[in-house]
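Let's take a stroll through a protein model and see which side chains keep each other company. Have a look at the sequence and the picture below before reading on.

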Amino acid sequence: VRSLRSSQILLLCKGADSILLERMNTGNPNLAETNKNLEAYGNIGLRTLLLAERIIPEEEYKAWAKRYIEASTAIKNREKLMADIQEEIEKNMELVAATAIEDKLQDEVGETIATLKETGIKVWVLTGDKIETAINIALSCKLFDTT
(Lines give C-alpha, C1' and ligand atoms only; values in the text may rest on other atoms or scores of the structure.)
Protein backbone atom coordinates (compact mmCIF):
# COMPACT_ATOMS: atom_id res chain seq x y z
CA VAL A 1 0.00 0.00 0.00
CA ARG A 2 1.32 3.45 -0.82
CA SER A 3 0.39 6.17 1.65
CA LEU A 4 -1.34 9.12 0.00
CA ARG A 5 0.09 11.48 2.64
CA SER A 6 3.73 10.43 2.74
CA SER A 7 4.11 8.32 -0.44
CA GLN A 8 5.76 5.64 1.70
CA ILE A 9 5.21 2.01 0.73
CA LEU A 10 3.69 -0.01 3.56
CA LEU A 11 3.70 -3.80 3.53
CA LEU A 12 0.79 -5.28 5.50
CA CYS A 13 0.72 -8.98 6.37
CA LYS A 14 -1.82 -11.22 8.07
CA GLY A 15 -1.01 -14.80 8.83
CA ALA A 16 -0.28 -17.66 11.15
CA ASP A 17 1.87 -16.75 14.11
CA SER A 18 4.10 -19.76 13.40
CA ILE A 19 5.09 -18.08 10.11
CA LEU A 20 4.97 -14.38 10.92
CA LEU A 21 6.86 -14.59 14.22
CA GLU A 22 9.91 -15.75 12.26
CA ARG A 23 9.61 -12.66 10.06
CA MET A 24 9.30 -10.08 12.83
CA ASN A 25 11.78 -7.48 13.97
CA THR A 26 13.10 -9.24 17.06
CA GLY A 27 13.70 -5.95 18.88
CA ASN A 28 9.99 -5.54 19.63
CA PRO A 29 9.50 -5.72 23.42
CA ASN A 30 5.90 -6.97 23.00
CA LEU A 31 6.79 -10.16 21.11
CA ALA A 32 7.45 -12.32 24.16
CA GLU A 33 4.19 -11.35 25.86
CA THR A 34 2.25 -11.73 22.61
CA ASN A 35 3.75 -15.18 22.05
CA LYS A 36 2.73 -16.20 25.58
CA ASN A 37 -0.82 -14.96 24.92
CA LEU A 38 -1.00 -16.78 21.58
CA GLU A 39 -0.01 -20.03 23.29
CA ALA A 40 -2.67 -19.52 25.96
CA TYR A 41 -5.31 -18.82 23.30
CA GLY A 42 -4.31 -21.95 21.40
CA ASN A 43 -4.56 -24.00 24.59
CA ILE A 44 -8.23 -23.09 24.94
CA GLY A 45 -8.99 -23.80 21.29
CA LEU A 46 -8.99 -20.31 19.81
CA ARG A 47 -7.66 -19.72 16.30
CA THR A 48 -4.93 -17.11 16.20
CA LEU A 49 -3.50 -14.77 13.59
CA LEU A 50 -0.93 -12.00 13.60
CA LEU A 51 -1.00 -8.71 11.77
CA ALA A 52 2.32 -7.09 10.88
CA GLU A 53 3.66 -4.19 8.85
CA ARG A 54 6.88 -2.79 7.45
CA ILE A 55 7.74 0.39 5.60
CA ILE A 56 9.56 -0.56 2.41
CA PRO A 57 12.13 1.95 1.11
CA GLU A 58 11.41 3.00 -2.49
CA GLU A 59 14.64 1.59 -3.96
CA GLU A 60 14.20 -1.73 -2.18
CA TYR A 61 10.64 -1.96 -3.49
CA LYS A 62 11.63 -1.17 -7.08
CA ALA A 63 14.34 -3.87 -7.09
CA TRP A 64 11.97 -6.36 -5.45
CA ALA A 65 9.09 -5.56 -7.83
CA LYS A 66 11.34 -6.17 -10.83
CA ARG A 67 12.32 -9.63 -9.50
CA TYR A 68 8.68 -10.37 -8.64
CA ILE A 69 7.50 -9.55 -12.18
CA GLU A 70 10.22 -11.81 -13.58
CA ALA A 71 9.15 -14.63 -11.26
CA SER A 72 5.46 -14.15 -12.09
CA THR A 73 6.13 -14.54 -15.80
CA ALA A 74 8.51 -17.50 -15.50
CA ILE A 75 7.60 -20.54 -17.54
CA LYS A 76 9.07 -23.06 -15.09
CA ASN A 77 8.67 -23.15 -11.29
CA ARG A 78 6.57 -19.96 -11.31
CA GLU A 79 4.81 -20.63 -7.99
CA LYS A 80 8.01 -21.46 -6.13
CA LEU A 81 9.86 -18.49 -7.58
CA MET A 82 7.02 -16.16 -6.63
CA ALA A 83 6.82 -17.58 -3.10
CA ASP A 84 10.58 -17.15 -2.67
CA ILE A 85 10.42 -13.53 -3.84
CA GLN A 86 7.43 -12.81 -1.60
CA GLU A 87 9.29 -14.20 1.39
CA GLU A 88 12.24 -11.88 0.67
CA ILE A 89 10.20 -8.77 1.39
CA GLU A 90 8.35 -10.19 4.39
CA LYS A 91 11.15 -9.60 6.89
CA ASN A 92 11.88 -7.27 9.81
CA MET A 93 8.17 -6.59 10.19
CA GLU A 94 6.61 -4.85 13.16
CA LEU A 95 3.85 -6.45 15.16
CA VAL A 96 0.56 -4.58 14.74
CA ALA A 97 -1.91 -6.91 16.43
CA ALA A 98 -2.75 -10.46 17.40
CA THR A 99 -6.23 -11.90 17.05
CA ALA A 100 -7.88 -14.91 18.64
CA ILE A 101 -11.33 -16.10 17.62
CA GLU A 102 -13.56 -18.98 18.53
CA ASP A 103 -14.17 -21.04 15.42
CA LYS A 104 -17.11 -23.20 16.36
CA LEU A 105 -17.69 -26.52 14.69
CA GLN A 106 -20.75 -26.86 12.51
CA ASP A 107 -23.77 -28.56 14.05
CA GLU A 108 -23.46 -32.33 14.52
CA VAL A 109 -19.80 -32.59 13.45
CA GLY A 110 -18.89 -34.36 16.68
CA GLU A 111 -21.75 -36.83 16.41
CA THR A 112 -20.99 -37.50 12.74
CA ILE A 113 -17.33 -38.26 13.44
CA ALA A 114 -18.26 -40.48 16.38
CA THR A 115 -20.67 -42.42 14.14
CA LEU A 116 -18.02 -42.83 11.43
CA LYS A 117 -15.56 -44.17 14.00
CA GLU A 118 -18.16 -46.58 15.43
CA THR A 119 -18.62 -48.11 11.99
CA GLY A 120 -14.88 -48.75 11.72
CA ILE A 121 -14.05 -45.92 9.36
CA LYS A 122 -10.66 -44.41 10.13
CA VAL A 123 -10.83 -40.63 10.49
CA TRP A 124 -7.85 -38.35 10.00
CA VAL A 125 -7.72 -34.60 10.47
CA LEU A 126 -5.25 -32.49 8.55
CA THR A 127 -4.91 -28.93 9.76
CA GLY A 128 -2.64 -25.95 9.57
CA ASP A 129 -3.59 -24.98 13.11
CA LYS A 130 -1.22 -24.90 16.03
CA ILE A 131 -0.94 -28.23 17.85
CA GLU A 132 -2.81 -26.90 20.90
CA THR A 133 -5.70 -25.67 18.75
CA ALA A 134 -5.81 -28.88 16.73
CA ILE A 135 -5.98 -31.00 19.92
CA ASN A 136 -8.84 -28.91 21.29
CA ILE A 137 -10.72 -29.18 18.00
CA ALA A 138 -10.14 -32.94 17.93
CA LEU A 139 -11.50 -33.23 21.47
CA SER A 140 -14.54 -31.08 20.74
CA CYS A 141 -15.46 -33.12 17.64
CA LYS A 142 -14.97 -36.40 19.54
CA LEU A 143 -12.08 -37.54 17.41
CA PHE A 144 -10.17 -38.59 20.53
CA ASP A 145 -11.59 -41.09 22.98
CA THR A 146 -10.95 -39.61 26.43
CA THR A 147 -12.31 -42.58 28.41
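A residue counts as buried if its relative accessible area is under 20%, as exposed if over 50%, and as partly exposed in between (1.4 Å probe, protein chains only). By that yardstick Trp64 is buried, at 13%. Before we go on, some ground rules: this is a predicted model, where local features need pLDDT of at least 70, side-chain atom pairs count only at pLDDT 80 or more, and totals for chains, interfaces and linings use all residues. Residues are numbered from 1 along each chain as its sequence is written, and side-chain values use heavy atoms, leaving out hydrogens and water.

**Rings in a helix**

Helices (H or I, at least four residues) and strands (E, at least two) are DSSP runs, numbered from the N terminus. Rings of Phe, Tyr and Trp (its six-membered ring) pair if their centres lie within 6.5 Å; planes under 30 degrees apart count as stacked, over 60 as edge-to-face and the rest as tilted. The model holds two aromatic pairs. Tyr61 and Trp64 make a tilted one, with 6.0 Å from centre to centre and 35° between the planes. Both sit in helix H3 (residues 58-72), three residues apart, or about one turn of the helix. Why is the pair of Trp64 and Tyr68 called stacked? Their planes are at 15° and their centres 5.1 Å apart, so the pair is stacked. These two are four residues apart in helix H3, again about one helical turn. Tyr61, Trp64 and Tyr68 form one aromatic cluster. While Trp64 is buried, Tyr61 is partly exposed at 30%, and Tyr68 is partly exposed at 22%.

**Oily company**

In soluble globular proteins, nonpolar side chains tend to be buried together. A nonpolar core here is a set of buried Ala, Val, Leu, Ile, Met, Phe, Trp, Tyr and Cys residues joined through side-chain atoms within 4.5 Å. The largest one has 18 residues, and Leu11, Leu20, Met24, Leu50 and Met93 have the most contacts inside it. Strand S1 (9-15), helix H2 (31-43), strand S2 (47-56), H3 and helix H4 (78-89) each give two or more residues to this core. Contact means heavy atoms within 4.5 Å. Not counting residues up to four places away in sequence, Leu20 touches Cys13, Lys14, Gly15, Leu50 and Met93.

Leu31, in helix H2, is buried at 14%. Leaving aside neighbours within four places in sequence, its contacts include Met24 and Leu95.

**Charged partners**

A salt bridge is a side-chain nitrogen of Lys or Arg within 4 Å of a carboxyl oxygen of Asp or Glu. There are seven of them, and here are three:

| Pair | N to O distance |
|---|---|
| Glu33 and Lys36 | 3.5 Å |
| Glu88 and Arg67 | 2.5 Å |
| Asp84 and Lys80 | 2.8 Å |

Which parts does the bridge between Glu88 and Arg67 tie together? Glu88 lies in helix H4 and Arg67 in helix H3, so the pair ties together parts that are 21 residues apart in sequence. Asp84 and Lys80 both lie in helix H4, four residues apart, whereas Glu33 and Lys36 are three residues apart in helix H2. Lys36 is exposed at 54%, but its partner Glu33 is partly exposed at 43%. Finally, Arg23, Glu87 and Glu90 are linked in a network of salt bridges.
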